[in-house]
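Welcome! Here is a short briefing to help you find your way around this structure, topic by topic.

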There are 2 protein chains.
Amino acid sequence: MTRIDLSLASEGCSACPIRHRAVCASCEGEELDRLETMKSYRSWKAGQTIAMEGDDLPFVASLVTGCATLTRSLEDGRTQMVGLLMPSDFLGRPGRRTAPYEVVAATDVTMCMFNRSDFEHLLRETPHVAERLLEMSLDELDAAREWMLLLGRKTAREKVATLLSIILRRAANDAYPLHAELPLTRDAMASYLGLTIETVSRQITALRKDGVISLVGARGIECPDLAALLTEAGDDDDGTFLS
Amino acid sequence: MTRIDLSLASEGCSACPIRHRAVCASCEGEELDRLETMKSYRSWKAGQTIAMEGDDLPFVASLVTGCATLTRSLEDGRTQMVGLLMPSDFLGRPGRRTAPYEVVAATDVTMCMFNRSDFEHLLRETPHVAERLLEMSLDELDAAREWMLLLGRKTAREKVATLLSIILRRAANDAYPLHAELPLTRDAMASYLGLTIETVSRQITALRKDGVISLVGARGIECPDLAALLTEAGDDDDGTFLS
DNA sequence: CTGTTTCCTTGATGCAGGTCAACCGGCGTG
DNA sequence: CACGCCGGTTGACCTGCATCAAGGAAACAG
């Protein structure tokens, strides 16, 4: 169920891959030392549940590697993804004990965890961290609002094109054609987009047949012309809304 | 276009109706005095635009009275409401100059405004305020996520029932049957819910015919049985997601 | 190697909600 | 008073996506 990732545990914060983007980004010297003593790593395998809706969540954490999803559900079982955590994203909320949504590892995941009440103390004493957390929360709020526009008004094709463009943009290697490995199953994509698996599959097929993207192996996608994909996405503004 | 609300301008913060819920909630004494010197009031009539998408927004503000909407749009004109500001809610983001969405007064509106860079200074110097702003932002994020569940997965009837229940709950006078005046036009409701005007109208009619609600005059609704309405809304948890 | 499971694709069909259009009542204005 | 306008309702029709169903391919276990 749980395993310690030794390669990370043995290194200090200064070698951390999310050192300069996570909630700890603005910490230096003493503050960083303090964080160092508070943190612990924990990993989950793809598909494992990190927390259930309503669970007690005694920690907060930064996602170090992998990808995790936040999902809310209705009583009859319909579900909607409401958050997608990527490396450096923050999980948990100071001042709240229970998780308001299910948290699931979409790929293998490693988190850098802090005891919640310890972290709350830290927040009160180091404005740096509080400031950075506010900034990250506001970014997430912006992302959520962009996502609302997608859910409320975009067509299935636009939704799929938008998601693919986000993933490609994240992968952001400067190679052409743009290439990325999908961190999400069709199921997770459908949950993200407020669609069914079948519709996602059909739209991906359609985009492929129209030459906007191509599939490489089981999980890879390529896009020869990002501008074309962005046009399909309905808004050709920057649309960087995964925070 | 702009007018000063004298009844508010003449009073100090201590008489402010949102004194204990807004971003200033935790301020006392000197901090409050400082806010007092920084603030100014401004009002808009229902329907007026407070800021356009992309506009420079040189202030941040607390909504004192009335109701305002935040709306994002696609290039071809489709729009989605992404925020609904009620009294005590905060508008603007420290560290950003331009509004990422259109802000419109849904009813007559009065705001308590601060110059943005002055407010940013204040934030850095008074952790109280920063803390409160973080708390409010996280509440808004929760609200946005609940809203995403609605947009992605609820049926038209559930959407309308959810919105009505939120409005009734906000109005929260203990009288029965529960009563409220709708602060939103059908248009605004449709924008909120990711539906068309026609569908909203039909669903309201349907709920009325089914005895779940009744209409009183042009803008009033009554609900004899909130539990029944919440059942129609699809989730009978508390669903308080207007922050 | 074979059976099972998981993930994905494709096809056939139905329906919720969008679109287009007409109409109604209230209200402000010339 | 007549008129136009605005917000809302209702009807007829259409379509985009969900639903139901079947089958393929890759990964894995025995």
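The surface near DNA strand C is made up of 4 nonpolar, 6 polar and 6 charged residues. Please keep in mind as you look around that this is a predicted model. The points below start with the two DNA strands, then turn to the protein chains, some of their helices, one loop and the confidence of the prediction.

**Around DNA strand C**

- Strand C has 16 residues around it, and those that come nearest are A:Thr185, A:Arg186, A:Ser201, A:Thr205 and B:Thr199.
- Both chains take part here: H6 and H7 of chain A, along with helix H5 (156-171) and H7 of chain B, are the elements that give two or more residues to this surface.
- H7(A) has the largest share of the surface near DNA strand C, with 6 residues.

**Around DNA strand D**

- Strand D is likewise surrounded by 16 residues, of which A:Thr199, B:Thr185, B:Arg186, B:Ser201 and B:Thr205 are the closest.
- At least two residues each are supplied to the surface near DNA strand D by helix H7 (197-209) of chain A and by helix H6 (186-193) and helix H7 (197-209) of chain B.
- For this strand, the largest share of the surface comes from H7(B), which gives 6 residues.
- Sorted by class, the surface near DNA strand D has 5 nonpolar, 6 polar and 5 charged residues.

**How the two chains meet**

- Where chain A meets chain B, 32 residues of chain A are in contact with 32 residues of chain B.
- On the chain A side, strand S5 (79-85) and helix H4 (127-153) are the elements that give two or more residues.
- H4(A) provides the largest share of that side, 19 residues.
- The side of chain A that touches chain B contains 14 nonpolar, 7 polar and 11 charged residues.

**How the two copies are related**

- A turn of 180° with a shift of 0.0 Å along the axis lays chain A on chain B, with an RMSD of 0.1 Å.
- The two copies are therefore related as by a two-fold rotation axis.
- The same surface serves both copies, since 100% of the contact residues of chain A recur in chain B.

**Helix H5 of chain A**

- Helix H5 of chain A covers residues 156-171, which makes 16 residues.
- From its first C-alpha to its last, H5(A) reaches 23 Å, close to the 22 Å expected at 1.5 Å a residue.
- Many residues to look for here are buried, including A:Val160, A:Ala161, A:Leu163, A:Leu164, A:Ile166, A:Ile167 and A:Leu168.
- The buried residues of H5(A) also include A:Glu158 and A:Lys159.
- In chain A, these buried residues pack against H4, strand S9 (178-181), helix H6 (186-193), H7, strand S11 (220-223) and helix H8 (226-232).
- A:Ala172 follows H5(A) and has a positive phi, near 30°.

**Helix H6 of chain B**

- H6(B) is largely enclosed by the rest of the structure, because 6 of its 8 residues are buried.
- The buried residues of H6(B) are B:Ala188, B:Met189, B:Ala190, B:Ser191, B:Tyr192 and B:Leu193.
- Their packing partners in chain B are strand S4 (68-73), strand S5 (79-85), H5 and H7.
- B:Gly194 comes just after H6(B) and takes a positive phi of about 70°.

**A serine worth a look in each chain**

- A:Ser88 is found in the loop between S5 and strand S6 (90-91) of chain A, and its phi is near 90°, a positive value in a residue other than glycine.
- Is A:Ser88 buried or exposed? A:Ser88 counts as buried, because there are 21 C-beta neighbours inside 10 Å.
- In chain B, B:Ser88 has its place in the loop between S5 and strand S6 (90-91), with a positive phi near 90°.
- B:Ser88 is buried too, with 21 other C-beta atoms within 10 Å.

**How confident the prediction is**

- The pLDDT of chain A averages 90, and 91% of the residues score at least 70.
- Among the elements of chain A, H6(A) has the highest mean pLDDT, 98, while helix H1 (residues 6-9) has the lowest, 53.
- Residues 1-6 of chain A stay under 50 in pLDDT, and the model has 7 contacts for them beyond four places in sequence.
- The pLDDT is also below 50 over residues 238-243 of chain A, a stretch with 18 contacts in the model beyond near neighbours in sequence.

Definitions and conventions. Residues numbered from 1 in each chain as written. Chains lettered and ligands numbered in written order. Predicted model: local features only at pLDDT ≥ 70, side-chain atom pairs only at ≥ 80, totals over all residues. Contact = placed C-beta atoms within 7 Å. Helix = DSSP H or I, 4+ residues; strand = E, 2+ residues; numbered from the N terminus. Nonpolar A, V, L, I, M, F, W, Y, C, P; charged D, E, K, R; others polar. Near = placed C-beta within 6 Å. Expected span 1.5 Å × (residues − 1). Buried ≥ 20, exposed ≤ 12 C-beta atoms within 10 Å, placed from the backbone. Least-squares fit on C-alpha atoms with pLDDT ≥ 70 in both. pLDDT = per-residue confidence, 0-100.
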